[in-house]
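Colleague: Can you take me through this model before I set anything up with it? Short answers are fine.

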Amino acid sequence: MTHAPELSVIHVPVSDPRVRPLLRELGDEYSRRYGKDAHAEISRHPDEEFTAPHGGILLLLLEHGEPVAGGAFRRYDTTTAELKRIWTHSAHRRKGLARRVVAELEREASARGYRRIYLTTGPRQPEARGLYLATGYAPLFDTEADPETIGPLPFEKHLSATATHQGKAAHL
């Protein structure tokens, strides 16, 4: 019988050294798929947007103290969080870690009073598109169209009022 390793979830600032593998691998992945200017996408939003005082968060999943997956959200508007930087370490893919990250981010967004999540993914990221469709995100684009003709693929998900209310109560 195989036993799954214990994972811990931590909230960290972008400056935490454990975030470096996430940013490095995301930048490399974007560059392979979209060209050398793709690293700019990662630095498009200031780091403080991913901190609690600014309505955001960055979290990591750790296995034996090492980051294996992570993700973040930032305030999109007063009721909407925008998911960004969803990542699974290349040595730990196909284990459901991205689903876990998305679920943790949804829980945190709900706890902070957000009622909706918005995100975009690139047209050359079929794995991400599949992840969001499989986790209940509604595509805000024609799923039959060639993704390359659309550009960034937008998705949304409405958080349940019950979860949002419970999240607010927990932070009072």
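Modeller: One definition to begin with: two strands count as paired if DSSP finds at least two bridges between them. Strand 6 and strand 7 pair in the antiparallel sense over two bridges. Also, this is a predicted model.

Colleague: Which residue in strand 7 is the bridge partner of Pro139?

Modeller: Phe155 is the partner of Pro139 there.

Colleague: Back up a bit. How many helices and strands are in the chain?

Modeller: The chain has five helices and seven strands. Along the sequence the pattern reads β-α-α-β-β-β-α-β-α-β-β-α.

Colleague: And what order do the strands take in the sheet?

Modeller: The order is 1-2-3-4-5-7-6, in an open sheet of seven strands with mixed pairing. Strand 1 (7-11) and strand 6 (138-139) are at the edges; each has a single partner strand, so one side of each lacks a neighbour in the sheet.

Colleague: What holds strands of a sheet together in general?

Modeller: Strands pair through backbone hydrogen bonds, and the pairing is either parallel or antiparallel.

Colleague: OK, strand 3 and strand 4. Parallel or antiparallel?

Modeller: Antiparallel, over seven bridges, with strand 3 covering residues 66-77 and strand 4 residues 80-88. A hairpin of two residues joins strand 3 to strand 4. As for individual pairs, Phe73 has Leu83 in strand 4 as its bridge partner, and Gly70 stands opposite Trp87 of strand 4.

Colleague: What about strand 4 and strand 5, parallel or antiparallel?

Modeller: Those two pair in the parallel sense, over three bridges. Ala81 has Ile117 in strand 5 as its bridge partner. Between the two strands the chain passes through helix 3, and this β-α-β crossover is right-handed.

Colleague: Which strands does helix 3 lie across?

Modeller: Helix 3 (residues 97-111) lies across strand 1, strand 2, strand 3, strand 4, strand 5 (116-121) and strand 7 (153-158). The helix runs at about 40° to strand 3.

Colleague: Then strand 5 and strand 7. How many bridges?

Modeller: Six bridges, in the antiparallel sense. Thr120 is one of the residues involved, with Pro154 in strand 7 as its bridge partner.

Colleague: Is strand 7 enclosed or open, and why?

Modeller: Strand 7 is largely enclosed by the rest of the structure, because five of its six residues are buried. Strand 4 is mostly covered, with nine of its nine residues buried. Over the chain, buried residues make up 47% of the 172 residues.

Colleague: How much accessible surface does the chain have?

Modeller: About 9,500 Å², with 52% of that belonging to carbon and sulfur atoms.

Colleague: And contacts: what share join residues at least 24 apart?

Modeller: That share is 62%, taken among contacts between residues at least 6 apart in sequence.

Colleague: Changing topic. Which residues have a positive phi without being glycine?

Modeller: Two to look at are Arg85, with phi of about 60°, and Arg94, with phi near 70°. Most residues other than glycine have a negative phi.

Colleague: Where are they, and is each one buried or exposed?

Modeller: Arg85 is in strand 4 and counts as buried, at 8% relative accessibility. The cut-off for buried is under 20% relative accessible area. Arg94 is in the loop between strand 4 and helix 3 and is exposed, with a relative accessible area of 86%.

Colleague: Last topic, confidence. What is the average pLDDT of the chain?

Modeller: The average is 87, and 88% of the residues score at least 70. Among the elements, strand 7 has the highest mean, 98, and helix 5 (residues 161-170) the lowest, 45.

Colleague: Over which residues is the pLDDT below 50?

Modeller: Residues 162-172. Beyond near neighbours in sequence, that stretch has 11 contacts in the model.

Colleague: How should coordinates be read where pLDDT is low?

Modeller: Not in detail, where pLDDT is low.

Notes: Residues numbered from 1 in each chain as written. Predicted model: local features only at pLDDT ≥ 70, side-chain atom pairs only at ≥ 80, totals over all residues. Heavy atoms only, no water. Buried < 20%, exposed > 50% of the residue type's maximum accessible area, 1.4 Å probe, protein only. Contact = heavy atoms within 4.5 Å. Areas by Shrake-Rupley, 256 points an atom, 1.4 Å probe, with all protein chains shown as cover. Axes fitted to C-alpha atoms, helices over the stretch in contact; angles between N-to-C directions. pLDDT = per-residue confidence, 0-100. Right-handed = clockwise from strand over helix to strand, strands pointing away.
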